[in-house]
Each structure stands twice: as structure tokens, then as C-alpha cells.
Amino acid sequence: MSALPPCPNCNSEYTYEDGALLICPECAHEWSLEDTKAAEAPAIVDSNGTPLADGDTVTVIKDLKIKGSSAVVKRGTKVKNIRLVDGDHDIDCKIDGIGAMGLKSEFVKKA
């Protein structure tokens with residue numbers, strides 16, 4: 001037996017499937033499993049709230065010091081072909097002249 005998610009409306013654990021829908025017998029709320037999966041996946045957004053995706057091009061919005069180095073990523077630097085990852089730094093990328101590094105999405109905007 002597969003574990004179904006609880007009702008998003010009343011958190012009841014007694015949900016059941018009826019075709020493509022999930023139904024809560026306590027509050028009669030109906031929803032699809034795709035809605036549940038979409039709600040669980042947190043979207044990574046830039047400083048303006050625009051959702052980011054793998055392969056996007058972003059622009060750095062402030063000067064960022066690189067730990068352990070005297071180098072700085074200057075404001076306005078374009079970063080191409082980003083990769084979204086889980087963790088403290090949401091973006092893995094390669095910056096020309098610096099190399100591979102991780103960035104936080106709050107310091108970039110989508111180009």
C-alpha cells in the first residue's frame with residue numbers, strides 16, 4: 001500500500017484515491033497528486049522573485065568577495081548556464097576568469 005499525502009486543507013491522514021484525484025473524507029476536499037508534487041518542490045527565485053531554471057543566464061547584483069582569495073566577482077558580471085542545487089548556495093556555475101563556484105540566488109537576477 002502506498003502512503004498518500006495528508007489533506008492540504010485539514011491535514012487528515014485518511015485520504016484516498018478516486019481515479020486521478022485524492023479525496024479527504026473528513027472535509028470533502030479534492031485535489032490531484034500533481035498539485036501535491038508541485039507544492040512540495042520549492043522554486044528557487046532570483047532577487048526580484050523571478051523563478052530560475054537550469055541553463056539560465058543571470059547577472060550578479062552586488063560585488064561578492066570570494067573566501068580564501070583576494071578576487072572579487074564584480075557587480076554586473078554575467079553568469080551563463082547555471083545549475084540549481086540544494087544547499088546553502090543554490091547555484092553552481094563557472095565564472096570566466098575565476099572558475100567554478102557556488103552563488104546564492106539572492107545575489108543574482110535573471111538576465
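**View 1. Ile82 sits in a loop between two strands.** In this predicted model, the loop holding Ile82 runs between β7 (78–79) and β8 (83–84). Is Ile82 buried or exposed? Ile82 counts as buried, because its relative accessibility is 2%, under the 20% cut-off.

**View 2. The contacts of Ile82.** Setting aside neighbours within four places in sequence, we find Ile82 in contact with Ala53, Asp54, Gly55, Asp56 and Val58. Ile91, Asp92 and Cys93 are also in contact with Ile82. How far apart in space are Ile82 and Val58? Their C-alpha atoms are 7.8 Å apart, while 24 residues separate the two in sequence.

**View 3. Strands and a helix along the chain.** Welcome to the wider picture: the protein has 11 strands and one helix. Following the sequence, you meet them in the pattern β-β-β-α-β-β-β-β-β-β-β-β. Taking contacts between residues at least 6 apart in sequence, 37% join residues at least 24 apart.

**View 4. The overall dimensions of the protein.** Along the principal axes, the C-alpha atoms fill a box of roughly 60 × 25 × 20 Å. The radius of gyration is 20 Å, whereas a compact globule of 111 residues would have one near 13 Å.

**View 5. Surface and charges.** Of the protein's 111 residues, 27% count as buried. The protein exposes about 7,700 Å², with carbon and sulfur atoms supplying 48% of that area. Here you can also look for the 13 positive and 18 negative charges, whose mean positions lie 20 Å apart.

Note on methods. Residues numbered from 1 in each chain as written. Predicted model: local features only at pLDDT ≥ 70, side-chain atom pairs only at ≥ 80, totals over all residues. Heavy atoms only, no water. Helix = DSSP H or I, 4+ residues; strand = E, 2+ residues; numbered from the N terminus. Buried < 20%, exposed > 50% of the residue type's maximum accessible area, 1.4 Å probe, protein only. Contact = heavy atoms within 4.5 Å. Rg over C-alpha atoms; globule rule 2.2 N^0.38 Å. Areas by Shrake-Rupley, 256 points an atom, 1.4 Å probe, with all protein chains shown as cover. Lys, Arg positive; Asp, Glu negative; His and termini not counted. Charge placed at Lys NZ, Arg CZ, Asp CG, Glu CD.
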